[in-house]
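Thanks for coming, everyone. I would like to take a few minutes to walk through one structure, element by element, and to say at each point what the terms stand for.

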Amino acid sequence: MFKQGITDAPMSNREPSAESEQSKFCHQIECLILSIDRTNNDPVVKERLEKLKHSIESCVEHFGRVYIYGSRMYGIAKDDSDVDLYFDTGDCFSGKIADDYSRQLQLIDSFVKAAKNEFVRLEIITETQVPIVRFTHDPTNFNCDLQFRSGLVVRNSELIKLYLSIDERVRWVAIAVKHWAVSFNLLCDDFSSYSLIWLVLFVMMQYKIVPPIIELWRMYHKHAPNYTEGWDTRICFDHDQLKLEISAKSSLTTWELLRYVFEFYSDSNSIRLQNYVLCTVLGEFLPKKTFYSTFISKVNDIGNYRCQIEKFEKCETLINTNFGSFNRIELQNPLKLCNNVIPWLSDENMNLFIDLCTKSANSM
């Protein structure tokens with residue numbers, strides 16, 4: 001729907017009305033969701049994924065376990081979607097080698113050397129923040145990205161899975177925006193679907209469809225900490241219990257919410273956004289100039305959040321670096337609070353994203 005609208009194609013008397021275009025696009029998304037759900041529930045696909053994990057685990061001599069994360073975990077992957085994988089070599093899930101880039105590269109190199117013939121088109125990629133090995137698993141025909149850093153990516157995926165399950169509209173909009181982004185080749189190594197989904201979720205927080213992170217913490221005040229890379233990830237567990245306590249406070253339609261996402265990141269609004277950090281913890285805009293001190297003062301009175309603040313306080317220099325650019329959109333990682341969710345998004349890609357959001361909002 002949007003692709004034609006934003007390419008400034010000439011209008012004709014026969015062109016469908018806005019209502020029929022809306023109906024057509026919504027039907028496409030509904031069909032896409034049905035297809036995705038079939039894939040997620042297909043026992044054959046599950047069997048192929050287990051076969052993939054076993055093949056990887058058998059490649060490395062010492063004990064290890066493979067975790068699937070990303071869109072395959074939180075349920076928005078199509079049958080031909082890539083598979084994101086994390087390999088825990090025994091005791092590294094909590095972050096033992098998270099800051100050891102060379103060790104991660106060594107493990108990737110060991111995997112590549114041990115890889116059997118079933119792994120084809122192996123490519124080591126080091127231009128990204130976390131080194132990965134990219135390959136195709138021939139027996140299952142899955143295209144894969146494998147990393148060795150830590151289990152934080154798994155916890156982040158579990159958190160997204162929770163958010164997408166809170167309200168069916170959230171998943172619909174997330175799938176629609178990803179479908180839109182794919183149609184314009186927006187997604188790449190420096191602008192992942194993970195980043196895109198958190199941009200969507202921040203808008204959902206503004207319209208009270210989902211709660212900010214701090215509300216999950218209030219619900220989890222009695223639970224024991226669970227640390228990954230030194231950050232407490234306790235809110236990533238017991239989804240069903242959390243969902244019972246969360247209720248949306250808005251009756252907006254999926255189409256309205258989709259339009260609000262595009263409007264939120266459109267040209268007229270993005271200039272204002274670039275002066276603030278989009279704070280997922282509070283669901284608020286915090287000024288970049290005072291982000292570090294403002295964030296601490298706002299959440300200091302949340303009792304069981306103290307463990308996160310203590311870790312946050314030790315990262316002042318890193319935080320000022322990660323959130324110090326005044327010509328780009330910056331959004332706080334919901335678990336690793338010192339990180340920007342979209343740090344590697346180039347200015348060119350960010351401007352393209354804003355331009356496409358602007359044109360898509362106008363076409364609705």
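What follows covers two helices, a sheet with its packed helix, and one loop residue.

Before the details, please keep in mind that this is a predicted model, in which local features need pLDDT of at least 70 and side-chain atom pairs count only at pLDDT 80 or more, while totals for chains, interfaces and linings use all residues. Residues are numbered from 1 along each chain as its sequence is written, and side-chain values use heavy atoms, with hydrogens and water left out.

Let me begin with helix 3, residues 43-57, where helices (H or I, at least four residues) and strands (E, at least two) are DSSP runs numbered from the N terminus. The 15 residues of helix 3 should span 21 Å at 1.5 Å a residue, and the end C-alpha atoms are indeed 21 Å apart; the expected span is 1.5 Å times one less than the number of residues. Within helix 3, the buried residues are Val-45, Leu-49, Leu-52, Lys-53, Ser-55 and Ile-56. These residues cover an arc of only 160° around the axis, which puts them on the same side of helix 3, the arc being that of the directions from the helix axis to the C-beta atoms. On the other side, Pro-43, Glu-47 and His-54 are exposed. Here buried means under 20% relative accessible area and exposed over 50%, with partly exposed in between, using a 1.4 Å probe and protein chains only.

Helix 6, residues 152-166, also has 15 residues, and its end C-alpha atoms are 21 Å apart, in agreement with the expected span of 21 Å. This helix is mostly covered, with 12 of its 15 residues buried, among them Arg-155, Glu-158 and Tyr-163.

Turning to the sheet, we have three strands in an open arrangement, ordered 9-8-10 with mixed pairing, where two strands pair if DSSP finds at least two bridges between them. Strand 9 (284-287) and strand 10 (330-331) each have a single partner strand and stand at the edges, so one side of each is left without a neighbour in the sheet. Strand 8, residues 276-279, pairs with strand 9 in the antiparallel sense over four bridges, and Val-277 stands opposite Leu-286 in strand 9.

Finally, where does Asn-339 sit? Its place is in the loop between strand 10 and helix 16 (347-363), and Asn-339 is buried, with a relative accessible area of 14%.
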